Amino acid sequence: MNNLTPMMKQYLEIKNEYKDCILLFRLGDFYETFFDDAKITSEILQITLTQRNGHPMAGIPYHALDNYLKKLLESGLKVAVCEQVEDPATAKGIVKREVTKILTPGTVVEENMIDENNRYSLLIYSLKGEEYIFVVFDFSTGELYIDTFNYSENEILDFISSYSFVQILISKNLKTLRNKIKNIQSNIYIEELDEWYFNKNFEDIIKESYEIVNIDVLNLNKNELLSLGAVFKYLEITQKQKITHFSFPKRFKNTNNMVLDSTTILNLGLLPNKENKGKTLYDIIKLTKTSMGARMLQQWISKPLIDKNLIEERLEIVELFRNDKLIMEEMKEYLSSIRDIERISSRIALLRATPRDLVALKTSLDALPYINELLTILGLETLDEFHNLKELLNKAIVDEPTTQVGTGKVIRKGYNDELDQYKEIFENSNLYLKEIESKEKQKTGISNLKVSRNKIYGFYIEVTKANIDKIPQYYIRKQTLVNSERFITQELRELEEKYAIAEKKIDELEKKIFNNLIVELQKYIKDLKKLSNKISKIDILRGFAEVSIKNKYIRPKFNEENFIIIDGRHPVVEQFTDNFIPNTINLTKENRFVILTGPNMSGKSTYLRQIGIISIMAQIGSYVPARKAEIPVLKNIFTRIGAKDDVVSGKSTFLVEMSEVSTILNNADENSLILLDEVGRGTGTIDGISVAWATSEYIYQVLKSYTIFATHYMELTMLNDFYDGIINKRVKVLETESGIIFLHKIEDGISDKSYGIEVAKLAGLPGEVVDRAKEIMEEISNKTEFENKLKSMKKIKQKRFKRNENQLKLF
Ligand SMILES: Nc1ncnc2c1ncn2[C@@H]1O[C@H](COP(=O)(O)OP(=O)(O)OP(=O)(O)O)[C@@H](O)[C@H]1O
Ligand SMILES: [Mg+2]
């Protein structure tokens, strides 16, 4: 390594500062990587690994940077881009180079590198591992949440696996947690933050970012402030600039929304993740036309409203659109021309907006008057039309600018006189050249003489070998080709110089003007974000109207007594079956607990889920799949559905199940809906029944939540003998000669058989095995024994649970 060139020394110095990054080192028209970086990138990017003085090297062309960056980030790498920061032509010695940006999966904002979905990053901090601070932020939109949780490590892992984070920042002291996260989510980019991120107080950075004088307005406790400071510091370091586009921190837990836990979001199939793409509530009701609308819909679904007035407000707008289908359709067209204003404003704030962003912004603003016309007809509040901004953009930017600034094809004529002058000189070049050409032809009498320009050699007069003796004295030889010679003249040389200066000036001026323009646009950011929010809302609600017509949904009504859904349907399952059977639920304050029995495959889980989903749809302001819905505004929905193993954290199926049940028992109340599917399944029958029985009593007596409990334990149907308000329902099946037919219809009563063997047969178990199972069943299902068991159940005494409230108050 002693024989290093000065440039390689420069490389190593810079690389030394960015050890954790892949360093892309600008060298002429390429970004080069060296040593181990070269080995890694050549493998990921499928580019050739070459050698330079015996060192591995791999390069990518500068114009394809974004494409390659995207792949490197997707592979979970951190990338530093090192640019030449002075003009090589004028540099003395080695060109000065600096890292101008550091990219991680959570900090990309470039339009062509990300899709419309949210890109949430998570920062986890804990001083002693008792309380955890979570900061969740989307750098591309500026949205930010913060809260303190008393989670166990396992709950944190659950939290992480139910959201699709693109990046996790974790304080260095949480090593074991970090390793566990790495184990379950090997594809997430994780970065450990040194202790000093949290020890030093970065309040000033926070204040500066939010432009606030007093930190108290944020309402955060000490550790939350430290965590927020760490986020801002991290972003400032990696982005090499002040971060000003973040919203004030919002709480996860708040009083305006239902906070659905991650298991419920997963169990009910509300939002897409890797496994259930295309088959979630979101996929069905997302008829949004804007990217911001799509992102906001995801937030709405995970946080339904609990204020009846706010819900009705949304439903009202849906109804307005439904009542005027023409406007609904027309609005769709205008919304389609609205681009991602939210992210464009973020890029403006970060000085990373491109000429195309500004055109996209302009196109979007152009649609506003049309949207407003429709809103006026509907009697809705109109949007600010941003006349000044639109005028500015119109004046400053051409209709179809180049991606690169500095080409002279970005800023519109008339915006800046100096730039126009240089552009004129430049644009007239061809005209001048033609003039000189005809002049020289005349003077020399060479009819095929050509005057042109090329990038490397500049201007020249080209004369074929045959005519070479006719050239005048003042032609200066420049280059010899096979069949011709190229010359330059004094006049041409002067022109060439002028053009070179013009070209350089255009480049400099246009970049400067563009930058100034972006800075000027920064004053609109806050208002643009507000606009983006309003448009998203219109977009979502318009979509709700369309989907409600398409799928025949009705407007839900809210009341405080009853939970009635007549002929409800599962919005997702009904899309995938030809003949979906609607089902009714009818609960009152007195009869609010259902034990649901029925054979395997009959539709118990579907029924359970559809009730939860319909409630959620109603509370985000959507119409619902039913003939009639009169339901309470729920504060909470809890679910315990399906068996889930947690191999990594070493919890058994049954333990997972019980910890979920315990969360429910500790948090639900009379404004909650509880959906229990086969609780107690993961253990021995007797234990299972006993736990399920006691759980049901507790919910019924103490929590008083609306509850549906699907089970295969026939014994539980006897709860009805003890408690009038616990009612039995079953799924109807038809037994025929050739087997059973599932009718998927819920009715009052108790299912008499499990039909487990029938289902096994349907699933294709070998006939012999099925027959043998029947034989065994005959033997062990001894009727008298079962009746004895029922009798002994009747001996159970009614239990009166009491609330622990008073006890709690003493402490
Ligand atoms: N109301 C319905 N109308 C039409 N098809 C239905 C209906 N409900 C369920 N199905 C169909 O039956 C299948 C099984 O339903 P589901 O999973 O709800 O049964 P289950 O009773 O919970 O079964 P298991 O006891 O095995 O858990 C569904 O995937 C769906 O295709
Ligand atoms: Mg089921």
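## Close-up views of a predicted three-domain model

**View 1. Domains of the predicted model.** The protein is divided into domain 1 (6–103), domain 2 (115–239) and domain 3 (557–805), with bounds that come from an automatic or database domain assignment. Between the C-alpha centres of domain 1 and domain 3 the separation is 60 Å. This is a predicted model, in which local features need pLDDT of at least 70 and side-chain atom pairs count only at pLDDT 80 or more, while totals for chains, interfaces and linings use all residues. Residues are numbered from 1 along each chain as its sequence is written, chains are lettered from A and ligands numbered from 1 in the order in which they are written, and side-chain values use heavy atoms, with hydrogens and water left out.

**View 2. The open sheet of 5 strands.** The strand order in this sheet is 9-8-7-10-11, and the pairing is mixed. Strands (E, at least two residues) and helices (H or I, at least four residues) are DSSP runs numbered from the N terminus; two strands pair if DSSP finds at least two bridges between them. At the edges are strand 9 (143–149) and strand 11 (189–193), each of which pairs on one side only. From one strand to the next the twist averages 15 degrees; the axes are lines fitted to C-alpha atoms, and angles run from 0 to 180 degrees between N-to-C directions. Strand 10 (residues 167–171) is joined to strand 11 in the parallel sense by 5 bridges. Isoleucine 168 has isoleucine 190 of strand 11 as its bridge partner.

**View 3. The open sheet of 4 strands.** Antiparallel pairing links the strands of this sheet in the order 12-13-15-14. Strand 12 (450–454) and strand 14 stand at the edges with a single partner strand each, so one side of each is left without a neighbour in the sheet. The twist here averages 40 degrees from one strand to the next. Strand 14 (residues 476–480) and strand 15 (residues 484–488) run antiparallel and are joined by 4 bridges, and a hairpin of 3 residues connects strand 14 to strand 15. Isoleucine 476 has isoleucine 488 in strand 15 as its bridge partner. Strand 15 is also joined by 4 bridges to strand 13 (residues 458–464), again in an antiparallel arrangement; here isoleucine 461 stands opposite phenylalanine 487.

**View 4. Strand 17 and its pairings.** Strand 17 (residues 563–568) pairs with strand 18 (residues 583–587) in the antiparallel sense over 4 bridges. In this pairing, isoleucine 565 has isoleucine 585 of strand 18 as its bridge partner. Strand 17 also runs antiparallel to strand 20 (residues 628–631), to which 3 bridges join it. Isoleucine 564 faces glutamate 630 of strand 20.

**View 5. The surroundings of ligand 1.** Of the 14 residues around ligand 1, those that come nearest are Ile581, Met601, Lys604, Ser605 and Thr606; a residue is near a molecule if one of its heavy atoms lies within 4 Å of it. Helix 22 (residues 604–619) supplies the largest share of the shell, 3 residues. By class, the shell holds 4 nonpolar, 8 polar and 2 charged residues, where Ala, Val, Leu, Ile, Met, Phe, Trp, Tyr, Cys and Pro count as nonpolar, Asp, Glu, Lys and Arg as charged, and the others, Gly among them, as polar.

**View 6. Polar contacts and burial of ligand 1.** A polar contact is a pair of N or O atoms within 3.5 Å. An oxygen atom of ligand 1 lies 2.5 Å from a polar side-chain atom of threonine 606, and a backbone N or O atom of glycine 603 lies 3.0 Å from an oxygen atom of the ligand. An N or O atom in the side chain of histidine 744 is 3.5 Å from a nitrogen atom of ligand 1. Taken alone, ligand 1 exposes 630 Å², of which the protein buries 76%; accessible areas come from the Shrake-Rupley method with a 1.4 Å probe.

How values were computed. A polar contact is a pair of N or O atoms within 3.5 Å; within protein, one must be able to donate a hydrogen and the other to accept it, and residues adjacent in sequence count only if both atoms are side-chain atoms.
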